[in-house]
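User: I am new to this structure and would like to be led through it step by step. Could you begin with a term that I will need later on?

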Amino acid sequence: MSNHQLMELPIAVEHWQNGDAVFVDIRDPQSFAAGHIPGSQHLDNSNLPQFLSSVDKNQKVIVVCYHGISSQGAADYIAGNGFTDVHSMDGGYTAWSMSFPEHTERE
């Protein structure tokens, strides 16, 4: 049974525009550097403990990967650590960058 919810891209964009969610990107560092959602945090095993201990467990968290598949497992893991409002974004960064290229940023 999954502990997260799936979120459609248009809804995720609304939350991004409203600034009422934390976006975490679990793609590899090179992919994140090449392009990501502005304001999103890169999340991997090295900074996961700090993320889990520093973010309000009631904060809406939207997990982003390449296509919306691997983010589901990561979202389950985050939700399993006491977070109450965790979502996996359908389509991942690929869908975001194709639909909203003006809302991407590079390092």
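Analyst: Two strands are said to pair if DSSP finds at least two bridges between them. With that in mind, please note that the model shown here is a predicted one.

User: Which residue of β5 is the bridge partner of valine 63?

Analyst: Strand β4 runs parallel to β5, and three bridges join the two. Within this pairing, the partner that valine 63 has in β5 is serine 88. The chain passes from β4 through α4 to β5 in a right-handed β-α-β crossover. The residue asked for, the bridge partner in β5, is therefore serine 88, given that pairing rests on bridges found by DSSP.

User: Is serine 88 buried or exposed?

Analyst: Serine 88 lies in strand β5, which covers residues 86-89. Its contacts beyond four places in sequence include His4, Leu6, Val63 and Ala75. Because its relative accessibility is 0%, where under 20% is the cut-off, serine 88 counts as buried.

User: With which side chain does the side chain of serine 88 make a polar contact?

Analyst: Ser71 and Gln72 are among the residues in contact with serine 88, and the C-alpha atoms of serine 88 and glutamine 72 are separated by 5.3 Å although they are 16 residues apart along the chain. The polar contact between side chains, at 2.6 Å, is made with serine 71.

User: On the other side of the pairing question, which residue of β4 is the bridge partner of valine 24?

Analyst: Strand β2, residues 22-25, runs parallel to β4 and is joined to it by four bridges. In β4, Val61 and Val63 point one way while Ile62 and Val64 point the other way, and all of them are buried. The partner of valine 24 in β4 is valine 63.

User: Which elements each supply at least two residues of the largest nonpolar core?

Analyst: This core has 14 residues, and Val24, Phe51, Val63, Ile78, Phe83 and Val86 touch the most other members. Phenylalanine 51, for instance, touches Val22, Val24, Ile78 and Phe83 among others. Another core, of 13 residues and including Met7, Ile62, Val64 and Tyr93, lies apart from the largest one. The elements that each supply at least two residues of the largest core are β2, α3, β4 and α4.

User: Where does UniProt place the feature "active site"?

Analyst: The position comes from an unreviewed UniProt entry, and the residue concerned is found in the loop between β4 and α4. Because its relative accessibility is 1%, this cysteine counts as buried, and its contacts include Ile26, Arg27, Ser70 and Tyr93. The position given in the record is Cys65.

Terms used
Residues numbered from 1 in each chain as written. Predicted model: local features only at pLDDT ≥ 70, side-chain atom pairs only at ≥ 80, totals over all residues. Heavy atoms only, no water. UniProt positions renumbered as here; feature names shortened; annotations may be inferred. Buried < 20%, exposed > 50% of the residue type's maximum accessible area, 1.4 Å probe, protein only. Contact = heavy atoms within 4.5 Å. Polar contact = N/O pair within 3.5 Å; in protein donor to acceptor, adjacent residues only side chain to side chain. Right-handed = clockwise from strand over helix to strand, strands pointing away. Core = buried A, V, L, I, M, F, W, Y, C linked by side-chain atoms within 4.5 Å.
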